[in-house]
Amino acid sequence: MHWALILVLILLAIILLILFLSVINRWQFKKMPFEQQVRILMKQARGLVFFKNISYGSKGTLVYIKNKRKILTYPWVLVDGKMLCTKEKPFEKWDYPKEQPPLTEEEKNQALKELEKYNDKSIVKLYIR
């Protein structure tokens with residue numbers, strides 16, 4: 001009986017430690033410069049298209065990663081339960097690499113299509129002005 005209680009307490013301590021470490025990691029990630037965040041996100045990216053929503057409460061950034069090489073960011077604010085993109089021309093140029101090459105017409109169409117797919121799966125959708 002005592003062993004079961006000790007085992008439950010150990011498991012609970014491990015779970016709390018994991019949760020605590022994940023909160024610290026998220027906090028550290030948000031404090032990093034953009035370049036470091038980009039490197040981490042590129043390592044996390046799975047597949048040819050990857051989205052990551054970085055939230056700071058009522059504002060944040062939706063990050064679109066294409067082919068683990070190019071990044072497009074959609075900064076947003078929360079208004080009436082909707083994420084509204086605050087970027088003037090979100091499909092004009094890539095935010096990463098540093099040279100910020102313009103998107104081709106094909107890339108613009110693909111980015112828009114991928115954003116629509118993301119919105120179909122997401123509870124809170126990103127709205128472009």
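Here is a quick tour of the structure above, from its overall layout down to single residues.

This is a predicted model. The protein has 3 helices and 5 strands, and along the sequence they run α-α-β-β-β-β-α-β. With a radius of gyration of 19 Å, well over the 14 Å that the globule rule gives for 129 residues, the protein is more spread out than a compact globule. Below, the details are sorted by topic.

**Overall shape and surface**

- Along its principal axes, the C-alpha trace spans about 65 × 35 × 25 Å.
- Buried residues account for 31% of the 129 residues.
- The accessible surface adds up to about 9,300 Å², and carbon and sulfur atoms own 62% of that area.
- Take the contacts between residues at least 6 apart in sequence: 38% of them join residues at least 24 apart.

**The sheet**

- The 5 strands build an open sheet in the order β1-β2-β3-β4-β5, with mixed pairing.
- At the edges sit β1 (49-55) and β5 (126-127), each of which pairs on one side only.
- β5 runs parallel to β4, and the two pair over 2 bridges.
- If you want a spot to look at in β5, try L126, which has M83 standing opposite.

**The greasy patch on helix α1**

- W3, I6, L7, I10, L11, I14 and I18 together make a nonpolar surface patch of about 760 Å².
- Pick I14 as an example from that patch: this isoleucine is found in helix α1, which covers residues 2-31.
- Is I14 buried, partly exposed or exposed? Its relative accessible area is 42%, so I14 counts as partly exposed.

**Salt bridges**

- As a bit of background, side chains of opposite charge can pair when their charged atoms come close.
- The count of salt bridges comes to 4.
- One of them pairs K66 with E107, with the closest N and O atoms 3.8 Å apart. K66 lies in strand β2 (residues 59-66) and E107 in helix α3, so this pair ties together parts that are 41 residues apart in sequence. K66 and E107 are both buried.
- E107 also forms a salt bridge with K70, and here the closest N and O atoms are 2.9 Å apart. Again the pair links distant parts of the chain, since K70 belongs to strand β3 and E107 to helix α3, 37 residues apart. Like E107, K70 is buried.
- Put those pairs together and you get one network: K66, K70 and E107 are joined by salt bridges that share partners.
- Another salt bridge brings together the side chains of D95 and K87, at 2.7 Å from N to O. D95 has a relative accessible area of 17%, which is under the 20% cut-off, so D95 counts as buried.

**Backbone oddities in the loops**

- Most residues other than glycine have a negative phi, and most peptide bonds are trans. The residues below go the other way on one count or the other, so they may catch your eye as you scroll through the loops.
- Which residues does a cis peptide bond join? They are Y96 and P97, and omega is about 15°. P97 has its place in the loop between β4 (82-85) and α3 (105-121).
- Q100 is found in that loop between β4 and α3 too. Its phi is positive, about 50°, although Q100 is not a glycine. With 31% relative accessibility, Q100 counts as partly exposed.
- D80 is another non-glycine residue with a positive phi, this one near 55°. You will find D80 in the loop between β3 (70-79) and β4. Its relative accessibility is 76%, over the 50% cut-off, so D80 counts as exposed.

Terms used
Residues are numbered from 1 along each chain as its sequence is written. This is a predicted model: local features need pLDDT of at least 70, side-chain atom pairs count only at pLDDT 80 or more; totals for chains, interfaces and linings use all residues. Side-chain values use heavy atoms; hydrogens and water are left out. Helices (H or I, at least four residues) and strands (E, at least two) are DSSP runs, numbered from the N terminus. Buried means under 20% relative accessible area, exposed over 50%, partly exposed in between (1.4 Å probe, protein chains only). Patches are made of residues with over 30% relative accessible area and no salt bridge: like charges are joined within 9 Å, nonpolar side chains (Val, Leu, Ile, Met, Phe, Trp, Tyr) within 5 Å. Accessible areas come from the Shrake-Rupley method with a 1.4 Å probe; for residues, only the protein chains shown count as cover. The radius of gyration is taken over C-alpha atoms; the globule rule is 2.2 Å times the number of residues to the power 0.38. Contact means heavy atoms within 4.5 Å. Two strands pair if DSSP finds at least two bridges between them.
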